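Student: Could you walk me through one part of this protein up close? I'd like to hear what sits around it too.

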Amino acid sequence: MEAIRKQASKLREQVARQQQAVFKQFGAGGYGGSDFATDGAEFQQHQKLEKLYISTRAAKHFQRDIVRGVEGYIVTGSKQVEIGTKLSEDSRKYGVENTCTSGSTLSKAAVSFGRARAQMEKERGNMLKAFGTQVAEPLRAMVMGAPLEDARHLAQRYDRMRQEAEAQAIEVSRRQAKLREGAGNPDIVLKVEAAESKLHDLKSNMGILGKEATAAMAAVEAQQQRLTLQRLISMVESERAYHQRVLQILDQLESEMLSERQRIEAAPPTPNVDSNPPPPPYEEVNNVFAAMHNGSSDDMDYFLGEALYSYQAESDVELNLSIGDYIVVRKVSNNGWAEGECNGRAGWFPFGYIERRERVLASKIADLS
C-alpha cells in the first residue's frame, strides 16, 4: 500500500513538471525564458514588459546603426571637403596668376569657380558638423546612457524573481501532494505553510518590481522614439539646407559663366597678329613723314579709328594700342598693317585691331592729337 502511495506521488510530480513545461513552450517568446503566470493581471504585465524589452532593444540597435552611419559619412565627407578645397585653391591660383595673351575670360571663370567651390565646401563642412553635434552625439549618449541600462536591469531582476516564484510554486505543489499523502502530518503542514508564505511574498514583490520595470521600460521606449525621430528630422533639415544653399551658389556661378560666354560669342573674333606679315620697313614710314613735310599732307585723306583690342608694340616702328584709343590712320598697307598716330606717337599697328569711325583731313590732325 505504501509503495502505491509513493508511486502516485511521483506521478503527480511528473504531471506538474509537464504542465510547467507546456506553459513555457506555448507561453511568451524570447524575453526571460519563463512564462509563469499567477493571474491575468500579472500575465498581461509580463507580456507588456516582454514587448517593451524587445522594442527598446531594437531601438537601441537602430540608434547605434545611425551613429555608425553618420560617423562614416562624416569621415568620407571630410575627405571630400579636403579635395574640394584643394580644387578651389588651384582654380583661384590659376585665375589670379594666368598670363594668357588672348584674353582673361578663362581666368575670370576660374576665379568664379574657385570662389563658388570654396563656398560649397564650407557649406558641406557646416552640414557635417551639424550631423556630429545634432545627430551622432545625442544618439550615442542615449545608447550608452544610464536610463536604458537601469530599466533593463529592473526587467532582468523581475525575470529572475519570476523564475524563482515559478520554482517556489512547483515546490508548493510538491509539498501539498505530500501533505495529502501524509494525512495531516504536522511537520508537512508547517513546511507547506512556509512554502506558501514564501510564494506569496515572491508574488507580491514580483508584482511591485514588475510595475517598476514596466514603467521604466515604457519611459525609455518613449524617449527612444521621440529622440530618434527628432535626430532624423534634424539630419534631414541640415542636409536639405545644405543642398538649397549649394543650389543657390551653382545658379549664381552658372549665370556668371553663361553671361561671359554670351559676351564672347557676341564679340568679333580677335585678330591673329601672328598670321600678319611684319610691318613695312622703316623707309616706308619715312616716306609718309616726308610727304607730310613736303606740304602734300593737305591732299591726303586720313581717317579716325578706334582701338577695339590692345596691342603691345614689338619694335620701335610699331605703335602701342589700348582699347578705346583713337588713332589718326595715315596709311593702310596691303599686308594688314596700318600707320598712324596716337597719343603723340606714330608707328605701325595691325589694321584689324581698330574700327574706322570717320574721315578727317590731315589739317585736322593737330586738333585730334
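Tutor: Here is a tour of strand 3 and its surroundings, with a glance at the rest of the chain at the end.

First, some ground rules. This is a predicted model, where local features need pLDDT of at least 70 and side-chain atom pairs count only at pLDDT 80 or more, while totals for chains, interfaces and linings use all residues. Residues are numbered from 1 along each chain as its sequence is written, and side-chain values use heavy atoms, with hydrogens and water left out.

Strand 3 covers residues 337-342. Helices and strands here are DSSP runs numbered from the N terminus (H or I and at least four residues for a helix, E and at least two for a strand). Of the 6 residues in strand 3, 6 are buried. Buried means under 20% relative accessible area, exposed means over 50%, and partly exposed is in between, using a 1.4 Å probe and protein chains only. In a regular strand, side chains alternate between the two faces of the sheet. For strand 3, W337, E339 and E341 are on one side, A338, G340 and C342 are on the other, and both faces are covered.

Now for the neighbours. Strands count as paired if DSSP finds at least two bridges between them. Strand 2 (residues 326-332) runs antiparallel to strand 3, and 4 bridges join them. Going along that pairing, K331 stands opposite E339, and V332 has A338 as its bridge partner. The two strands make a hairpin with 4 residues between them, where G336 takes a positive phi near 90°.

On to strand 4 (residues 345-350), which pairs with strand 3 over 6 bridges, again in the antiparallel sense. Here G340 stands opposite G347. This hairpin has 2 residues between its strands, and N343 in the turn has a positive phi of about 55°.

W337 also leads us to the aromatics. The whole structure holds 5 aromatic pairs. For that count, rings of Phe, Tyr and Trp (its six-membered ring) pair if their centres lie within 6.5 Å; planes under 30 degrees apart are stacked, over 60 edge-to-face, and the rest tilted. Take Y309 and Y353: their ring centres are 5.7 Å apart and their planes are at 75°, so this pair is edge-to-face. Y309 sits in the loop between strand 1 (301-307) and strand 2, and Y353 in the loop between strand 4 and strand 5 (354-361), so the pair links parts of the chain 44 residues apart. Y309 counts as buried at 15% relative accessibility, and Y353 does too, at 7%.

The pair involving strand 3 itself is Y311 with W337, edge-to-face at 6.3 Å centre to centre and 75° between the planes. Because Y311 lies in the loop between strand 1 and strand 2 while W337 is in strand 3, the pair ties together parts 26 residues apart in sequence. Y311 is buried, with a relative accessible area of 6%, and W337 is buried as well, at 3%. Ring pairs link Y309, Y311, W337 and Y353 into a cluster.

There's a charge over a ring as well: R356 lies over the face of F303, at 4.1 Å from the ring centre. The test asks for NZ of Lys or CZ of Arg within 6 Å of the ring centre and within 35 degrees of the ring normal.

Stepping back, the chain has 7 helices and 5 strands. Along the sequence the pattern reads α-α-α-α-α-α-β-β-β-β-β-α. Of the 369 residues, 34% are buried.

The largest nonpolar core has 19 residues, and I66, V70, M127, F131, V135, L139 and M235 have the most contacts inside it. Such a core is a set of buried Ala, Val, Leu, Ile, Met, Phe, Trp, Tyr and Cys residues joined through side-chain atoms within 4.5 Å. Helix 2 (40-97), helix 3 (105-143) and helix 5 (186-266) each supply at least two of the core residues, with helix 3 giving the most, 9 residues. Contact means heavy atoms within 4.5 Å, and M127 touches Y73, S238, E239 and Y242, leaving out residues up to four places away in sequence.
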